[in-house]
Amino acid sequence: AELIRELRDAIGAAQFELVYQPIVRLSDDRLTGVEALLRWNHPARGLVSPVQFIPVAERTGQIVAIGRWVLATACRQAASWVRDHPELSDMSVGVNVAGRQLREPGFVAEVARVLNETGLPAACLTIEVTETAVLDDQESLDALLALRALGVRLALDDFGTAASSLGLLLTTPVTTLKLDRSFVESITTVGRQAAVATAVSQMAGALELKSVAEGIETPEQRDLLLGLGYEYGQGYLFSRPVPAERIVEMLERPA
Ligand code: G
Ligand code: G
Ligand code: MN
Ligand code: NA
């Protein structure tokens, strides 16, 4: 209950912050995008993980206000990167969106308004939803179709961890699959993880979707996933989530 009250005050008190984790092209480690990740600097508790407060905010509906702030902040930031680095016209910023936000009436209109106000090209925004967030309902599907019609990209996050994965590929207009890091963690050439990772990348290829492998921590994992057909990767090997200023440095001094 205390957390709920504190969450209510957190936006006004500017206690939220976004960090950005690079998404790189695996063939050359070049930055091709970032994922925005929310951090809560609580005055007394210190840094509170989204794992702790996002589920609470979803239950209370506070996720809608928090999500609005995340979307506007990430788009404003990305618009400035794209403006200052014209070579970045293909880059995208990934914004995580909870099921409750997606189904909120007016969510698509808000995305359209934020793109318009910040001047961020629609293709430079990737809305990341988990398989479980996209319930098998008309509201979710309508929202995804409308976002896609705006030109926004759609990523299925944590792909492979929920029961409904495959059906969603047929019913939703996703553009990107993000292979969950549980498949990457202990991947070896001969193991079961590699078999699943291969199947996912082949499916992505056949459906003309981008494939991103998450949670890459070692060069061995990178090489293996590249060999299995993954074009993009994300993980501590390339960079932890970092403040916006660090992304600017990476952009201005490419690897
Ligand atoms: O960055 P970290 O590993 O702490 O993120 C933990 C979880 O919180 C991840 O599943 C991530 O998708 C989720 N998360 C991070 N930022 C946001 C956000 O802005 N909105 C939503 N809905 N989830 C987020
Ligand atoms: O669910 P989602 O994919 O949005 O979660 C992103 C989370 O994964 C963030 O909290 C981020 O800090 C975490 N993460 C990113 N890269 C790595 C990695 O290489 N290893 C591990 N263990 N976690 C990672
Ligand atoms: Mn994500
Ligand atoms: Na994930």
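This is a short talk on two ligand shells, one helix pair and the surroundings of two further helices in a predicted model.

I'll start with ligand 1. The residues around ligand 1 are L37, L38, S49, P50, V51, I54, V70, N96, V97, A98 and P241. By class, that shell has 9 nonpolar residues, 2 polar and no charged. Two elements, β2 (30–42) and α2 (50–60), each supply at least two of the shell residues. The most comes from α2, which gives 3 residues.

Now ligand 2. How many residues surround ligand 2? There are 14, and the closest are D158, G215, E217, G235 and Y236. The make-up of the shell around ligand 2 is 4 nonpolar, 5 polar and 5 charged. For ligand 1, to recall, the shell held no charged residues.

Next, the helix pair. Helix α5 covers residues 107–118 and helix α6 covers residues 138–150; their axes come within 9 Å and cross at roughly 20 degrees. Angles under 35 degrees count as roughly parallel, so α5 and α6 are roughly parallel to each other. The crossing of α5 past α6 is right-handed. On the α5 side the contact is made by F107, V108, V111 and A112, and on the α6 side by A143, A146, L147 and L150. What classes do the residues of this contact fall into? The count is 8 nonpolar, no polar and no charged.

On spacing within a helix, a general remark: an α-helix has 3.6 residues a turn, so residues three or four places apart point the same way.

The last part concerns α8 and α9. Helix α8 runs over residues 192–206 and includes A194. Is A194 buried, exposed or partly exposed? A194 has 19 C-beta neighbours inside 10 Å, and burial takes 20 or more, so A194 counts as partly exposed. Setting aside neighbours within four places in sequence, the contacts of A194 are I187, T188, T189, L224 and L228. As a distance reference, A194 and R30 are 164 residues apart in sequence, and their C-alpha atoms are 24 Å apart in space.

One of those contacts of A194, L224, is also among the buried residues of helix α9 (residues 219–227). The others listed as buried in α9 are Q221, R222 and L225. What do the buried residues of α9 pack against? They pack against α8, β8 (210–213) and β9 (232–233). Just after α9 comes G229, with a positive phi of about 105 degrees.

That covers the ligand shells and the helices.

Technical notes
Residues numbered from 1 in each chain as written. Chains lettered and ligands numbered in written order. Predicted model: local features only at pLDDT ≥ 70, side-chain atom pairs only at ≥ 80, totals over all residues. Near = placed C-beta within 6 Å. Nonpolar A, V, L, I, M, F, W, Y, C, P; charged D, E, K, R; others polar. Axes fitted to C-alpha atoms, helices over the stretch in contact; angles between N-to-C directions. Helix = DSSP H or I, 4+ residues; strand = E, 2+ residues; numbered from the N terminus. Parallel < 35°, antiparallel > 145°, perpendicular 65-115°, else oblique. Left-handed = near helix turned anticlockwise from the far one by under 90°. Contact = placed C-beta atoms within 7 Å. Buried ≥ 20, exposed ≤ 12 C-beta atoms within 10 Å, placed from the backbone.
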